[in-house]
Amino acid sequence: MRVLLKLTLDCDADAAWRAIRSPAVLREVVAPWLDFESLEADGFPATWPEGPHRLRALAFGITPLGDEVVDASYPGGLPPGVRMLRDGGGAITGPLAAFRSWDHRMAVSPLPDGRTLYRDRLIATAGPALDVALWYPTWAFWQWRGLRLKQLAPTWAYDPPGTADAARTARSARAAA
């Protein structure tokens with residue numbers, strides 16, 4: 001099955017890139033239907049480094065659905081300005097393990113007006129009969145993710161005082177004045 005999203009996000013591409021690499025943003029985007037808890041000794045990283053990361057899916061934040069792996073990579077060879085996160089992991093146990101293959105790619109690129117073009121592609125396989133049964137719930141959940149991304153994106157552009165990004169923004173504003 002293939003599920004696609006193509007959205008314009010109200011934030012700059014750097015903010016969107018930070019967000020899609022953040023486990024905290026993943027948890028915000030799937031809430032309230034799902035949550036995740038890290039199964040790694042050090043918990044969730046600030047951003048996904050390349051490689052596998054074990055976690056547990058929780059329905060409505062409380063009921064365990066099974067264990068999963070986020071297997072993050074950052075493909076190269078993309079057009080200028082495009083950055084991509086690929087998750088080639090998937091569920092190991094529980095009902096979501098019905099998906100035998102999982103290839104989730106999220107790409108961001110800047111738009112001329114300062115916003116971000118966000119593209120999201122999931123290709124997953126559970127077998128012919130299950131693909132038919134699981135396509136609509138998966139598609140509906142992806143629409144929820146898209147709605148949450150659009151709602152959250154304006155908050156990603158905020159850089160609190162004292163951060164390097166805030167200092168850079170202030171310098172740019174003074175130079176433009």
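Where does S22 lie? The close-ups below start there, and everything they show comes from a predicted model.

**View 1. S22, in the loop between α1 and α2.**
Let's start with a single residue. S22 sits in the loop that links α1 and α2. Loop or not, S22 is buried: its relative accessible area is 12%, and the cut-off for buried is under 20%. Look past the neighbours within four places in sequence, and you'll find S22 in contact with A46 and W48.

**View 2. Helix α1, largely enclosed by the rest of the structure.**
Now step back to the helix itself, which covers residues 13-20. Of its 8 residues, 6 are buried, so the rest of the structure largely encloses α1. The buried ones are A13, A15, A16, W17, A19 and I20. What do the buried residues of α1 pack against? There are strands, namely β1 (2-9), β5 (83-87), β7 (101-110) and β8 (116-125), and there are also the helices α2 (23-30) and α3 (128-156).

**View 3. The start of α1, with D12 and D14.**
Zoom in on where the helix begins. Here a side-chain oxygen of D12 comes to within 3.1 Å of the backbone nitrogen of D14.

**View 4. Strands β2 and β3, running antiparallel.**
Next up is a pair of strands: β2 (residues 34-38) and β3 (residues 51-59). How many bridges join them? The count is 5. For a spot to look at, try E37, which stands opposite R56 in β3.

**View 5. The hairpin of β3 and β4.**
Strand β3 also pairs with β4, again in the antiparallel sense, over 9 bridges. One of the pairs to look for is A59 with its bridge partner T63, in β4. The hairpin has 3 residues between its strands. Have a look at F60 in this hairpin, where phi is positive, near 55°.

**View 6. G66, a buried residue in strand β4.**
Let's finish with a glycine. G66 is part of β4, the strand made of residues 63-73. Is G66 buried or exposed? With a relative accessible area of 13%, G66 is buried. Setting aside the neighbours within four places in sequence, G66 is in contact with L55, R56 and A57, and also with T93 and G94. R56 may ring a bell, as the residue in β3 that E37 stands opposite. A97 is worth finding here too: G66 and A97 are 31 residues apart along the chain, and their C-alpha atoms are separated by 8.0 Å.

Methods
Residues are numbered from 1 along each chain as its sequence is written. This is a predicted model: local features need pLDDT of at least 70, side-chain atom pairs count only at pLDDT 80 or more; totals for chains, interfaces and linings use all residues. Side-chain values use heavy atoms; hydrogens and water are left out. Buried means under 20% relative accessible area, exposed over 50%, partly exposed in between (1.4 Å probe, protein chains only). Helices (H or I, at least four residues) and strands (E, at least two) are DSSP runs, numbered from the N terminus. Contact means heavy atoms within 4.5 Å. A polar contact is a pair of N or O atoms within 3.5 Å; within protein, one must be able to donate a hydrogen and the other to accept it, and residues adjacent in sequence count only if both atoms are side-chain atoms. Two strands pair if DSSP finds at least two bridges between them.
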